[in-house]
Structures are given as C-alpha cells and as structure tokens.
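Me: Please take a close look at one helix of this model and at the enclosed and open spaces in the same protein. I would like the cut-offs stated along the way.

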Amino acid sequence: MEFSAKGMRVLVTAGAAGIGRVIARTFHEHGAQVHICDIDEKALASTKKQLPAVTQTVADVARLDDVERLFADVKKTLHGLDVLVNNAGIAGPTAKVEDIRPEDWDRTIAIDLNGMFYCTRKAMPLIKEAGGGSIINLSSAAGRLAFPMRTPYSAAKWAIVGFTES
C-alpha cells in the first residue's frame with residue numbers, strides 16, 4: 001500500500017534524533033515538506049547531512065520565546081502548516097515522590113506537557129488557515145497505566161491524553 005504525504009507541510013518537534021528523526025524522514029520520503037526542531041545542535045547537524053531538504057530550528061519547546069521563533073521559521077520555510085507532530089519529551093527523574101526535586105518535576109512538565117500545548121496553540125491558526133490538518137500528540141503507556149517511580153513523566157503523559165481527547 002502506498003501512502004503519500006505529497007505537498008503536506010509538517011513540523012516535527014524533537015525531530016533530530018530517535019523517533020522524531022524517523023517520523024521526519026518518513027514524511028519527507030513520502031513527499032512532505034518537513035521542518036524539525038530540537039535542542040541538540042549536534043543531532044540537528046547530523047540530520048542536516050542525512051536529510052538536507054528538511055529545514056530546522058534550534059528550539060526548546062518548553063520556552064515560549066523559542067516556540068515563537070520556531071513558528072516564525074515554519075511560516076518562512078513551509079509557508080503554512082498541515083501537520084504538527086508533538087514528539088518532544090523527556091523521561092524525567094526516577095524517584096519516590098518525596099525525593100523528586102521540584103526543578104526536575106518542573107522541567108519534565110515544561111517539556112512533555114507545556115511544550116505540546118505551546119506548539120499546538122501556535123499551530124492551530126496555521127492549520128485552520130490551510131483548511132484543516134492533523135496534530136499528533138505522542139504519549140505513552142504511562143499515559144494510560146501507572147508507571148511507578150516516574151510520577152512527573154506519568155502525570156505529563158496522562159495530561160497529554162486528556163488534552164488530546166478534549
């Protein structure tokens with residue numbers, strides 16, 4: 001079965017390595033114009049060598065200023081948006097609740113949940129302007145089942161499911 005993404009304009013957060021890079025590559029191989037962001041400049045450089053047509057921005061989705069700059073780049077390079085893949089996320093700390101440092105909790109929620117919200121918020125006007133599209137929010141089994149010793153990650157992933165279903 002052949003799937004075409006020809007003509008689609010796609011943004012993949014955390015698209016320079018791992019699952020994000022595979023998603024970006026797959027969309028690109030099926031005809032989409034793809035833009036990625038990541039905080040890892042070394043991974044971005046590697047991805048640029050492997051996928052030179054994929055445009056990119058160094059951005060931390062947990063930072064509003066970075067998300068503003070990211071979407072300015074998306075508008076400039078893609079001239080709109082049809083698909084947003086909210087892939088950015090971190091595992092966060094593995095510890096008992098009482099042993100989790102507040103700054104580790106905050107960083108996990110900021111990247112895994114707030115970053116998804118910030119990007120979705122900026123993507124919606126572009127997707128509406130395009131006449132519709134798709135937003136793919138990655139969660140995990142931790143978004144449906146208990147995940148002992150991973151409270152910040154589980155909380156964020158449950159929230160992503162709730163946000164997406166809402």
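Reply: What follows deals with helix α3 and then with the cavity and the pocket. The model is predicted, so local features are given only at pLDDT of at least 70 and side-chain atom pairs only at pLDDT 80 or more, while totals for chains, interfaces and linings use all residues. Residues are numbered from 1 along each chain as its sequence is written, and side-chain values use heavy atoms, with hydrogens and water left out.

Helix α3 covers residues 64–78; helices here are DSSP runs of H or I with at least four residues, strands are E runs of at least two, and both are numbered from the N terminus. Its 15 residues reach 20 Å from the first C-alpha to the last, close to the 21 Å expected at 1.5 Å a residue, where the expected span is 1.5 Å times one less than the number of residues.

The buried residues of α3 are Asp66, Val67, Leu70, Phe71, Val74 and Leu78, buried meaning under 20% relative accessible area, exposed over 50% and partly exposed in between, with a 1.4 Å probe and protein chains only. Because they cover an arc of only 130 degrees around the axis, they lie on the same side of α3, the arc being that of the directions from the helix axis to the C-beta atoms. An α-helix has 3.6 residues a turn, so residues three or four places apart point the same way. The face of α3 turned away from its buried side carries the exposed residues Asp65 and Lys76. What covers the buried residues includes β1 (9–13), β2, β3 (55–58) and α4 (102–129), contact meaning heavy atoms within 4.5 Å. Just after α3, His79 takes a positive phi of about 60 degrees.

Turning to the spaces, a cavity is a set of points on a 1 Å grid over the protein atoms alone where a 1.4 Å probe fits but cannot get out, a pocket is an open set with protein on both sides within 12 Å along at least five of seven lines, and lining residues have an atom within 4 Å of a point. Grid points are joined across faces, edges and corners, and a volume is the space filled by probe spheres set on the points. The largest cavity has a volume of about 50 Å³, and α4 gives the largest share of its lining, four residues. The largest pocket has a volume of about 300 Å³. Of the 17 residues that line this pocket, the closest to its centre are Ala14, Asp38, Asn87, Ala88 and Gly89.
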